[in-house]
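This report introduces a protein model to a reader who has not met it before. Please view the sequence and the structure below before reading on.

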Amino acid sequence: MRLIISSCLLGVACRYDGRSKPSAAVRDLARKAEVVGVCPEAASGLPVPRPPAEQRGGRVLLADGTDVTEEFRLGAARSLAKVRARPAPLAVLKAKSPSCGVHHIYDGTYTGSLTEGEGVFARLLEEEGICVVSEEVVESCKPSVEHPVAIVLGTGLGHLAKLVRPVRRVDYHDVEGFPEEARPMAGHSFEATIGSIDDVPVVVYPGRIHLYQGYSAAEVTSLVRHAHRLGCRDVIFACATGAIRGNAEPGLGILCDQINLTGRNPLAEWDEVRGVDNPFVDMTDAYSPYLRTLARSVAEDEGIEVAEGVYAGVLGPCFETEAEVRALAGLGVSYVGMSTVNEVIMARALGMNVLGLTLATNYSGASDTSHQSVLEESGRKEEEFQKLVRGVLRML
Ligand code: SF4
């Protein structure tokens, strides 16, 4: 995997003050990839040291009032040429900088205050279609013993739990909010394992309950709240789905967005859902662009065929009619299933980083669809699915 990284995050002393701003998490990521280091300000030829620069009114000004807009544009263009010579799907750039800042930059008052906006170089990379994130995203996704990665597995995908080196097991019935009477269906198990996979701390939930079994949205999302209480910041949701003909093929997929067609929302169940301060949750980029890009790159490196598409969550339990399949296709849906959407809403409400993976076991609406056929197809793809998840964990 190839990555673009701001040189100052790697420890290169290229900042305006002649210093660097190394990030341990970014350096760790860099060790696992081929890196294209860039410093657009150094590429501009501006002297070092110099006063700090900030953007104001579409210009870039040094703190002493010197207008360096053209120098910043030149440095960004030169750095873009370097990147084009060695293309990469992902860039990790220094937060807040007038060159490298992503989504938020210093506001031109030189007081440390921020405003919405992009650094001059960051904007160019975004226009190239590169996923651009700050070091803060890499740091927040970095797992540790205090912050293990939660992995919630769907129908037929529970075999991944066998990879865990266990430290402790938790019966789902000991999880707050999980229904006392719930029993696992075929292809599910109701015991979470806390431990590690390839030395990465994880909590694996090898099965789930569904709305179609009569449970509330608060109940089906109790495992997410449990993971959050254990300290998990990243959560990987894996689910079996049907592919919407015309938009997707059966096989492995990465979820890039969702449509909640279940008619339920855990955040509307005020009495049951605790720990959520603000139910008016921003669902933009609900599936982390950073984690999606890592997953795509891992798949490419490992030679795993994987598509990307929008997931529609329906109540179930019956499969879709032909008219419903046509409607979903018209809505831009690639995958349809009976889980995940409410869990993703809960995870985002708790500020967690979400990766959604699916195995489309058949075409939605196919007449030979059955719970058994879903289990059989999951078994056939077991090895590739495990490789993909392990590859993502390795990169975090
Ligand atoms: S933030 Fe970007 S431009 Fe500024 S020193 Fe770091 S790499 Fe260079």
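The text that follows treats an open sheet, the helices packed on it, and two pockets.

**The sheet and its helices**

The model described here is predicted. One of its features is an open sheet of 4 strands, arranged in the order E2-E1-E5-E8 with parallel pairing. Strand E2 (34-38) and E8 form the edges, each pairing on one side only. From one strand to the next, the twist averages 25 degrees.

Strand E1 (residues 2-6) pairs with strand E5 (residues 90-93) in the parallel sense, over 3 bridges. Within this part of the sheet, Ile4 stands opposite Ala91 in E5. Helix H1 (residues 24-31) packs on the sheet and touches E1, E2 and E5; the direction of H1 makes about 150 degrees with that of E1. Helix H4 (residues 120-127) also packs on the sheet, where H4 touches E1, E2, E5 and E8. The direction of H4 makes about 170 degrees with that of E5.

**The two pockets**

The table sets out the pockets by volume, lining and residue class.

| Pocket | Volume | Lining residues | Nonpolar | Polar | Charged |
|---|---|---|---|---|---|
| Largest pocket | about 850 Å³ | 31 residues | 13 residues | 9 residues | 9 residues |
| Second largest pocket | about 410 Å³ | 25 residues | 14 residues | 4 residues | 7 residues |

Which residues lie nearest the centre of the largest pocket? They are His103, Val137, Asp285, Pro289 and Arg348. The elements that give two or more residues to the lining of this pocket are strand E7 (114-116), strand E8 (131-134), helix H5 (135-141), helix H8 (289-302) and strand E17 (353-363). H8 gives the most, with 5 residues. Strand E8 thus links two parts of this account: E8 is an edge strand of the open sheet, and E8 also contributes to the lining of the largest pocket. At least three lining residues of the largest pocket come from each of domain 1 (2-140) and domain 2 (144-395).

In the second largest pocket, the lining residues closest to the centre are Arg15, Tyr16, Glu41, Ser97 and Pro98. Helix H2 (40-43) and strand E3 (53-56) each supply at least two residues of the lining of this pocket.

How values were computed:
Residues are numbered from 1 along each chain as its sequence is written. This is a predicted model: local features need pLDDT of at least 70, side-chain atom pairs count only at pLDDT 80 or more; totals for chains, interfaces and linings use all residues. Side-chain values use heavy atoms; hydrogens and water are left out. On a 1 Å grid over the protein atoms alone, a cavity is a set of points where a 1.4 Å probe fits but cannot get out, and a pocket is an open set with protein on both sides within 12 Å along at least five of seven lines; lining residues have an atom within 4 Å of a point. Grid points are joined across faces, edges and corners, and a volume is the space filled by probe spheres set on the points. Ala, Val, Leu, Ile, Met, Phe, Trp, Tyr, Cys and Pro count as nonpolar, Asp, Glu, Lys and Arg as charged, and the others, Gly among them, as polar. Domain bounds come from an automatic or database domain assignment. Two strands pair if DSSP finds at least two bridges between them. Axes are lines fitted to C-alpha atoms, for helices over the stretch in contact, and angles run from 0 to 180 degrees between N-to-C directions. Contact means heavy atoms within 4.5 Å.
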